[in-house]
Amino acid sequence: MCREEKLILFLWLLMTAAVSLYVSVGSYMSHRKYIHEVQQHTPCRAIDAAHHIIKQMNEFGDAPNHLLLQRILYHAQRDCLRKTGFPLFEDEFTLWQAGPVIPEVYRAHCVYGSRPITARRRARLTGHAQEFLDRYLYLEEEPSAREPVGDFYRDRPDWQKLWDNGEGKGTRLTLEWIREHPL
């Protein structure tokens with residue numbers, strides 16, 4: 001093999017290695033981007049979102065009771081669906097007399113009754129969920145999410161239609177319904 005042939009072979013091998021490296025790096029970066037997008041929109045558990053809300057509100061001296069916590073969770077879920085197209089958490093709301101409720105969150109905090117929830121538990125949130133909740137809690141544009149609880153839902157037409165004098169109790173709310181209705 002002459003010198004020029006060796007040089008051509010060397011350059012061909014070098015070019016093949018460069019293309020292979022370029023494809024590998026490109027695939028790696030695409031994979032990382034995909035993983036980031038999946039993590040960004042992976043829903044957390046509602047109980048973890050609730051623990052984070054309680055912790056943040058307690059730090060500002062504004063501890064929620066369990067009914068207010070449910071309302072904040074509902075509004076945060078609805079706003080996340082509207083702004084990102086993805087749910088904030090995976091748990092479903094069911095209709096109860098007091099409004100939309102996530103049973104697991106209710107069971108965890110019902111011992112407080114109407115008193116403020118002061119328990120601080122560790123929340124396991126994705127970066128996206130924590131960032132969204134923090135922004136939601138500090139920059140909430142919709143004051144109705146924090147109005148006194150009382151009979152908040154009873155005067156709302158969407159609620160009356162769903163509740164139907166107790167016939168709707170236990171109905172699960174779909175993500176589409178939550179996105180579209182202002183409860």
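**Exercise 1. Is Lys55 buried, partly exposed or exposed, and which residue does its side chain meet in a salt bridge?**

Step 1. Lys55 has a relative accessibility of 35%, so Lys55 counts as partly exposed. The model is predicted.

Step 2. The side chain of Lys55 meets that of Glu59 in a salt bridge, 3.6 Å from N to O.

Step 3. Glu59 is partly exposed too, because its relative accessible area is 46%. The class in between runs from 20% to 50%.

Step 4. Both residues sit in helix α2, four residues apart, so about one helical turn separates Glu59 and Lys55.

**Exercise 2. Find the parts of the chain that the pair Arg172 and Glu92 links.**

Step 1. Start with the contact. The side chains of Arg172 and Glu92 form a salt bridge of 2.7 Å, N to O.

Step 2. Place each end. Arg172 is in the loop between α6 and α7, and Glu92 is in the loop between α3 and β1 (94–96). The two are 80 residues apart, so the pair links distant parts of the chain.

Step 3. Check exposure. Arg172 counts as exposed because its relative accessibility is 56%. Glu92, at 40%, is partly exposed.

**Exercise 3. Place the salt bridge of Glu131 and Arg135, then look at the wider search.**

Step 1. The side chains of Glu131 and Arg135 meet at 2.8 Å, N to O.

Step 2. Both lie in helix α5, four residues apart, about one turn of the helix. Arg135 is partly exposed, at 43% relative accessibility.

Step 3. The whole structure has six salt bridges. Arg45, Asp48 and Glu104 are linked in a network of them.

**Exercise 4. Which helix gives the most to the largest nonpolar core?**

Step 1. The largest nonpolar core holds 36 residues. Among those with the most contacts inside it are Ile53, Leu69, Phe89 and Val105.

Step 2. List the helices that each supply at least two residues: α2 (46–59), α3 (66–84), α5 (127–139), α6 (157–163) and α7 (175–180).

Step 3. The answer is α3, with eight residues.

Step 4. Look at Val105. Beyond its neighbours within four places in sequence, Val105 is in contact with Ala46, Ile47, Ala50, Leu69, Gln70 and Leu73.

**Exercise 5. Which residues make the nonpolar surface patch of about 580 Å²?**

Step 1. The patch is made by Met1, Leu9, Trp12, Leu13 and Met15.

Step 2. Take Met15. Met15 lies in helix α1 (residues 3–40).

Step 3. Exposed means over 50%. Met15 has 52% relative accessibility, so Met15 counts as exposed.

Conventions
Residues numbered from 1 in each chain as written. Predicted model: local features only at pLDDT ≥ 70, side-chain atom pairs only at ≥ 80, totals over all residues. Heavy atoms only, no water. Core = buried A, V, L, I, M, F, W, Y, C linked by side-chain atoms within 4.5 Å. Buried < 20%, exposed > 50% of the residue type's maximum accessible area, 1.4 Å probe, protein only. Contact = heavy atoms within 4.5 Å. Patch = residues over 30% accessible without salt bridge, like charges linked within 9 Å, V, L, I, M, F, W, Y side chains within 5 Å. Areas by Shrake-Rupley, 256 points an atom, 1.4 Å probe, with all protein chains shown as cover. Salt bridge = Lys/Arg side-chain N within 4 Å of Asp/Glu carboxyl O.
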